[in-house]
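Let's walk through this one together, starting from a single contact and working outwards. Keep the viewer open as you read.

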Amino acid sequence: METRIDVLAKPKKNFLKFPDRHSVYWLDNMPSQRAATTSVLTPRLSELSQFKALNTKYSEDRRSPIWTVSAAALKSTATKRLEELAQPKALSQEWEPQRFVYSVVSEAVKSAVPSPRILQLARPKRRYPPVARESLIWSPEQGISIVTEAACSAVATPRLQDLATAKQVHALFLPEKPTAWPVPESAMKVVASDRVHMLAKPKVQKGIFEGYDPYLVTETAKQAQASPRVLELSMPLPRKVRHKKI
């Protein structure tokens, strides 16, 4: 019995090998000898397939692309102007060559001896705790500056005390109002009147399809009288009219 592996091992059939195989478009009739798949070369395609013709002025005895220098050009002498133009462009007077990456230390600098002031400035800054600063003693060698005894026992003048006083707050100054306002007991127990209830109701907006007329003017608005200020503002601005010269 033929197994599944034997079926899969068989090569795929070439259905194009048999010309009598009917197509789904041919139905019951066989195609004619000149089928639709036969390519026919049109006159336009034949014209386009022709190679490009050479130009009528083309000559096959053209010179080589390497030009030969004539004997007169080899014996020619350059003028002063050509020699001047042939010179390379000179560098600017302010141009400086590229500096070397590593700086060269001279022998004089290597044998220099620092002064006492430079040695004093070269020392790292010392950090002392706040408690120990009061017990420090002035030492010119260490360069530590402290408050002297006279400065510690000095008494400030009235002017210094006046300047040291903090700036007073203005008498009309009001502090920032707190965000949360306390509600008094009387406001919690108040009862709203009928007028407040009427004003608290939202205004009802009706649509046009519900009977709302946007062009309706109320009777109160018809009987209103404009104030003198409104009448003054409603007047048009006076325009400057230039009379023509006769």
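**From one ion pair to the whole chain**

Start with Lys110 and Glu107, whose side chains meet in a salt bridge, with N and O 4.0 Å apart. Bear in mind as you look that this is a predicted model. Why can these two reach each other? Lys110 and Glu107 sit 3 residues apart in helix 5 (residues 107–110), so about one helical turn separates them. Side chains of opposite charge can pair when their charged atoms come close. Neither partner is tucked away: Lys110 counts as exposed at 55% relative accessibility, and Glu107 is exposed too, with a relative accessible area of 58%.

Now slide along to helix 8, which covers residues 158–164. Here Arg159 forms a salt bridge with Asp162, and the closest N and O atoms are 3.8 Å apart. The spacing argument works here as well: Arg159 and Asp162 are 3 residues apart in that helix, so about one helical turn lies between them. Arg159 is exposed at 54% relative accessibility, whereas Asp162, with a relative accessible area of 48%, is partly exposed. The cut-off explains that split, because exposed means over 50%.

Back towards the start of the numbering, there's a pairing between Lys10 and Glu2. Their closest N and O atoms are 2.9 Å apart, and the contact is a salt bridge. Glu2 counts as partly exposed, at 43% relative accessibility. How many salt bridges turn up in the whole structure? A search finds 7, among them the Lys10 and Glu2 pair.

Charged pairs aren't the whole story, though. Have a look at Leu41, Leu45 and Leu48, which form a nonpolar patch on the surface. Together these leucines have about 310 Å² of accessible area. Leu48 belongs to helix 2, which runs over residues 43–48. With a relative accessible area of 53%, Leu48 is exposed; it therefore clears the mark of over 30% that a patch residue needs.

Time to zoom out. What does the chain look like in terms of helices and strands? There are 12 helices and 0 strands, so reading along the sequence you just get α-α-α-α-α-α-α-α-α-α-α-α. And how much of the chain is buried? Of its 246 residues, 1% count as buried, where buried means under 20% relative accessible area. The chain exposes about 27800 Å², and carbon and sulfur atoms supply 60% of that area.

Conventions
Residues numbered from 1 in each chain as written. Predicted model: local features only at pLDDT ≥ 70, side-chain atom pairs only at ≥ 80, totals over all residues. Heavy atoms only, no water. Helix = DSSP H or I, 4+ residues; strand = E, 2+ residues; numbered from the N terminus. Buried < 20%, exposed > 50% of the residue type's maximum accessible area, 1.4 Å probe, protein only. Areas by Shrake-Rupley, 256 points an atom, 1.4 Å probe, with all protein chains shown as cover. Patch = residues over 30% accessible without salt bridge, like charges linked within 9 Å, V, L, I, M, F, W, Y side chains within 5 Å.
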